[in-house]
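Q: Could you take me through a few features of this protein, beginning with a charged residue and moving on from there?

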Amino acid sequence: MLIAGLGDSGVLTAIRLARSADVVGISAQPALVSGQELGMRLARPEEWARDYLVPFDRYRALDGVRTVQATLTGVDLAARVVHARRPDGTDIAEPYDSLVISTGVRNGFWRRAAMQSPAEVRAEITAAHERLGSARSIMVIGGGAAAVSAAANLATRWPDKRVALYFPHDRPLREHHPRTWEHLQRRLIRLGVGLHPNHRAVVPEGFACDTITAGEVNWSSGQQATQADAVLWAIGRVEPNTEWLPHQLLDENGFVVVTPELRVPGYRGVFAIGDVAATDPLRSSARNRADGLLAHNILAEPAGRPLRSYRAPRRRWGSVIGVQSDGVEVFAPGGRPFRIPAWPVRKVLMPWIVRRGIYRGVRDNQPLG
Ligand SMILES: Cc1cc2nc3c(=O)[nH]c(=O)nc-3n(C[C@H](O)[C@H](O)[C@H](O)COP(=O)(O)OP(=O)(O)OC[C@H]3O[C@@H](n4cnc5c(N)ncnc54)[C@H](O)[C@@H]3O)c2cc1C
């Protein structure tokens, strides 16, 4: 079984298959560099790295999985071979019986698909934290969970800075239930975050929104230009990492077409999961932990057993701002928050449910510095 892309979904799928099959994982980075919790990553990178920047050899369940650091360059679907390039420039060809496409998306500076060494990943994370730490005023632009999470966590970490959130509609988090924002808005106000609805930023020509900028931002929505020492662009410009795939596998936006069973139609043994898979309008199979269903289907298909179907909730749900000093709030699809206090998060949720239960054992991770 070949897992193409070892991010949040790829790692979990590999963990689930490792006991039943020979698994090879190919990924540009030699570690899980998770797409989760942008705010915590920027504000408290050490703490974030512990669970979200994890070298593959830290996962006990991946001991039997061969992980290859390489950039995927192509796939021959007839010959069942994936092509990739190693960091030293050599080309490799990996045959497969089953292929999982889990290459995710690129988004801002915090989700990249470029080949990086562990030191480069760590340096980039530390640099973003220091850049924001040295600013007196921070402008966060965007209306999704990444923007809200960044604004809340930066304001918590640095109460003396001026942190403001500019979003294009009357409220952010429009893919969540309205109650989610009603609740979080109170928290952001308490934290002193300036809230600026109906601001649509002009993206400078040629700017890919992949660096923290400084200075003036113009608004196409008519307001006067605004200044800040640091400007964080979290405007949801996601790009699927599918350049290596043939066009016939993709929809008009470049995401991988899948059936409810997460199969790529027309290609037996080829599956897709996570942010790259066009499962539903929110492409929510990572968040909704479809890795278990996928592992089941991969093993069931050749054995002729019935496959399971993925059913997506209509709205986004989960944590938005991540773990805080008072615990973590998880929002249900109906927008109601469920709070787990700090002590059970530290002593039960993370060590037992996440590291032991979900990831089946994680060895101590190395510090960021
Ligand atoms: C357990 C869990 C909990 C979550 N909780 C929340 C939550 O509470 N709230 C919320 O909003 N979201 C949550 N999410 C969702 C999450 O934010 C994203 O949806 C998730 O990170 C997407 O995972 P992915 O595997 O699709 O992509 P990624 O994690 O981005 O993985 C893609 C991988 O493929 C590699 N890659 C890409 N292109 C290439 C290439 N050409 N060659 C080689 N490698 C390549 C990348 O380097 C990366 O390692 C959760 C997800 C999980 C799994």
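Q: What is the nearest side chain of opposite charge to Lys 161, and how far away is it?
A: It is Asp 229, at 7.7 Å, and Lys 161 is buried without a salt bridge. Buried means under 20% relative accessible area, exposed over 50%, and partly exposed in between, with a 1.4 Å probe and protein chains only. A salt bridge is a side-chain nitrogen of Lys or Arg within 4 Å of a carboxyl oxygen of Asp or Glu. For charge, Lys and Arg count as positive and Asp and Glu as negative, while His and the chain ends are not counted.

Q: What sort of model is this?
A: The model is predicted: local features need pLDDT of at least 70, side-chain atom pairs count only at pLDDT 80 or more, and totals for chains, interfaces and linings use all residues. Residues are numbered from 1 along each chain as its sequence is written, and side-chain values use heavy atoms, with hydrogens and water left out.

Q: Where is Lys 161 found?
A: Lys 161 sits in the loop between α5 (145–157) and β12 (162–166). Helices (H or I, at least four residues) and strands (E, at least two) are DSSP runs, numbered from the N terminus.

Q: Which backbone oxygen does the side chain of Lys 161 reach?
A: That of Ala 135, at 2.8 Å.

Q: Which residues does Lys 161 touch?
A: Leaving out residues up to four places away in sequence, Lys 161 touches Leu 132, Gly 133, Ser 134, Ala 135, Arg 136 and Ile 138. Contact here means heavy atoms within 4.5 Å.

Q: Changing topic, how many salt bridges does the structure hold?
A: There are 16 salt bridges. One of them joins the side chains of Arg 106 and Glu 243, at 2.7 Å from N to O. Arg 106 lies in strand β10 (residues 105–106) and Glu 243 in the loop between β16 (239–240) and β17 (256–257), so this pair ties together parts that are 137 residues apart in sequence.

Q: Are those two buried or exposed?
A: Arg 106 is partly exposed, with a relative accessible area of 27%, whereas Glu 243 counts as exposed at 55%.

Q: What does Glu 124 form with Arg 112?
A: Those residues form a salt bridge, with the closest N and O atoms 3.0 Å apart. Glu 124 lies in helix α4 and Arg 112 in the loop between β10 and α4, so the pair ties together parts that are 12 residues apart in sequence.

Q: And how far apart in sequence are the parts tied together by Glu 175 and Arg 316?
A: The side chains of Glu 175 and Arg 316 meet in a salt bridge of 2.7 Å, N to O. Glu 175 lies in the loop between β12 and α6 (178–190) and Arg 316 in the loop between α7 (291–303) and β20 (318–319), so the parts tied together are 141 residues apart in sequence. In addition, salt bridges that share partners join Arg 16, Arg 289 and Asp 291 into one network.

Q: Which residues of α3 are buried?
A: They are Pro 45, Trp 48, Ala 49, Asp 51 and Tyr 52. These buried residues pack against β3 (31–33), α2 (38–43), β4 (53–55), α4 (118–133) and α8.

Definitions and conventions:
Polar contact = N/O pair within 3.5 Å; in protein donor to acceptor, adjacent residues only side chain to side chain.
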